[in-house]
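Subject: Handover of a protein structure

Dear colleague,

Please find below the structure that I am handing over to you. My findings follow directly after it.

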Amino acid sequence: MHPLIRPRRNRKNNLVRHWRSETKWCRADLVYPVFLIEGSKQKQGISSLPGQYRWSLDELLPLAEKSLKMGVQAWALFPAIEKALKNPLASEAINPHGLICRALGELKKRFPELTLITDIALDPYSSDGHDGLVEDGNVLNDKSVDILAQMALLHAQSGADIVAPSDMMDGRVLAIRETLEENNFHNTQIISYCAKYASAFYGPFREALDSAPKSGDKKTYQMDPANKKEALLEMELDQSEGADILMVKPALAYLDIIHEIKEQSLLPIAAYNVSGEYAMIKAAAEKGWLDEKKAIAETLLSIKRAGADIIFTYFALDEGIDSL
Ligand code: PBG
């Protein structure tokens, strides 16, 4: 007896494999996270993120050209703030002449077609290293939200196309949306980190910004990795508060959450392939333990297959990983 149905027929060459392929991604799906630093001619390596740098503004201009040429049309900006400027009130977060605002102005002027996304959270600016203000060891919700809304408005005024609250305070999407509307920023999008888990995979990012919490952890605001229903609650809230795009973070240990939120929501879904996920592949490749480019392509494909429309990834500008 011969099998009549042979799935292998649809795998016999590149072209039919392409026809059979259910998931594809392209560079326009990717958002490149970029670390900023003061000064000029700076391109500082980050030991836990090989291949990623803290860039001064002048160095960013050729990088933006390269990114656009490759089809990567959106950046997520993260400023590395000097220690001397960090304080308990995170006041540098709302300095209109701060690093992030200058970067937005410069980049928008030179590259209007580059979509600029900023992170809305206080950790890079706070001497406590928390996403909100800390009082008596507690991370305050409502006072933090007031600052986050001011910060989002400032970023929109400085040239941000999209603001991305990553702080997980309650009610911040509504506060940001209302503030933007009241100030006539009707078209500024909000990508809300709606299901952001208290994860070990943020380690290298915190090294990049020297932003690790000085005491305690982030478990009173970031989510318990055990939970899926809680992610759906956050999804419903962020949608009703006026988010345009919902984000799940990290990506790889949370593919089921990406899938679930994609099924349940009518909004586009983003996933953040975070620093630890990048570092794992780079470290294994450095040791010669896996084929780096294939592992990257497979990783991005899996996040897309799970349901992400948009992927934030440090791999965005890596060569030779395209699926097509
Ligand atoms: C800050 C923020 C973090 C990341 C993005 N925005 C770190 C954290 O929450 O501690 C992590 C990104 C990454 O690991 O690549 N609110």
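Met151 touches Ala93, Ile94, Asp119, Ile120, Ala121, Leu122 and Tyr125, where touching, or contact, means heavy atoms within 4.5 Å and residues up to four places away in sequence are not counted. Met151 lies in helix α4; helices (H or I, at least four residues) and strands (E, at least two) are DSSP runs, numbered from the N terminus. Is Met151 buried or exposed? Met151 counts as buried because its relative accessibility is 0%; buried means under 20% relative accessible area, exposed over 50%, and partly exposed in between, with a 1.4 Å probe and protein chains only. Between the C-alpha atoms of Met151 and Gly216 the distance is 25 Å, and the two are 65 residues apart in sequence.

Before you read further, please note that this is a predicted model, in which local features need pLDDT of at least 70 and side-chain atom pairs count only at pLDDT 80 or more, while totals for chains, interfaces and linings use all residues. Residues are numbered from 1 along each chain as its sequence is written, and side-chain values use heavy atoms, with hydrogens and water left out.

The protein as a whole

The protein has 10 helices and 12 strands. Its radius of gyration, taken over C-alpha atoms, is 20 Å, which agrees with the value near 20 Å that a compact globule of 324 residues would have; the globule rule is 2.2 Å times the number of residues to the power 0.38. The C-alpha trace spans about 75 × 45 × 40 Å along the principal axes. Of the 324 residues, 54% are buried. Among contacts with a separation of 6 or more, 75% are between residues 24 or more positions apart.

Helices α5 and α7

Helix α7 covers residues 229-241, 13 residues in total, and reaches 19 Å from its first C-alpha to its last. This is close to the expected 18 Å at 1.5 Å a residue, the expected span being 1.5 Å times one less than the number of residues. In α7, Ala231, Leu232, Glu234, Met235, Asp238 and Glu241 are buried. Which elements cover them? The cover includes α5 (172-182), β9 (189-196), β10 (245-249) and α8 (255-264). Just after α7, Gly242 takes a positive phi of about 110 degrees.

In α5, the buried residues are Arg172, Val173, Ala175, Ile176, Arg177, Thr179 and Leu180. Their cover includes β5 (115-120), α4 (142-158), β8, β9 and α7. Asn184, just after α5, has a positive phi of about 70 degrees.

Backbone details in the loops

Most residues other than glycine have a negative phi, and most peptide bonds are trans. Met168, in the loop between β8 (162-165) and α5, has a positive phi near 65 degrees and is not a glycine. Met168 counts as buried because its relative accessibility is 4%. Asp210, in the loop between α6 (203-209) and α7, also is not a glycine and has a positive phi of about 50 degrees. Asp210 counts as partly exposed because its relative accessibility is 39%. Where is the cis peptide bond with omega near -10 degrees? This bond runs from Lys249 to Pro250, and Pro250 is in the loop between β10 and α8.

Leu290 and Phe315

Leu290 lies in the loop between α9 (275-286) and α10 (292-306). Its relative accessible area is 38%, so Leu290 is partly exposed. Leaving aside neighbours within four places in sequence, Leu290 is in contact with Ile281, Ala284, Ala285 and Ala295. Leu290 and Gly51 are 239 residues apart in sequence, and their C-alpha atoms are 17 Å apart in space.

Phe315 lies in the segment after β12 (310-313). With a relative accessible area of 0%, Phe315 is buried. Its contacts, again without neighbours within four places in sequence, are Arg27, Asn273, Glu277, Tyr278, Ile281, Lys282, Ile296 and Ile321. Ile281 is thus in contact with Leu290 and with Phe315. The C-alpha atoms of Phe315 and Lys293 are separated by 9.7 Å, and these residues are 22 apart along the chain.

Yours sincerely,
A colleague
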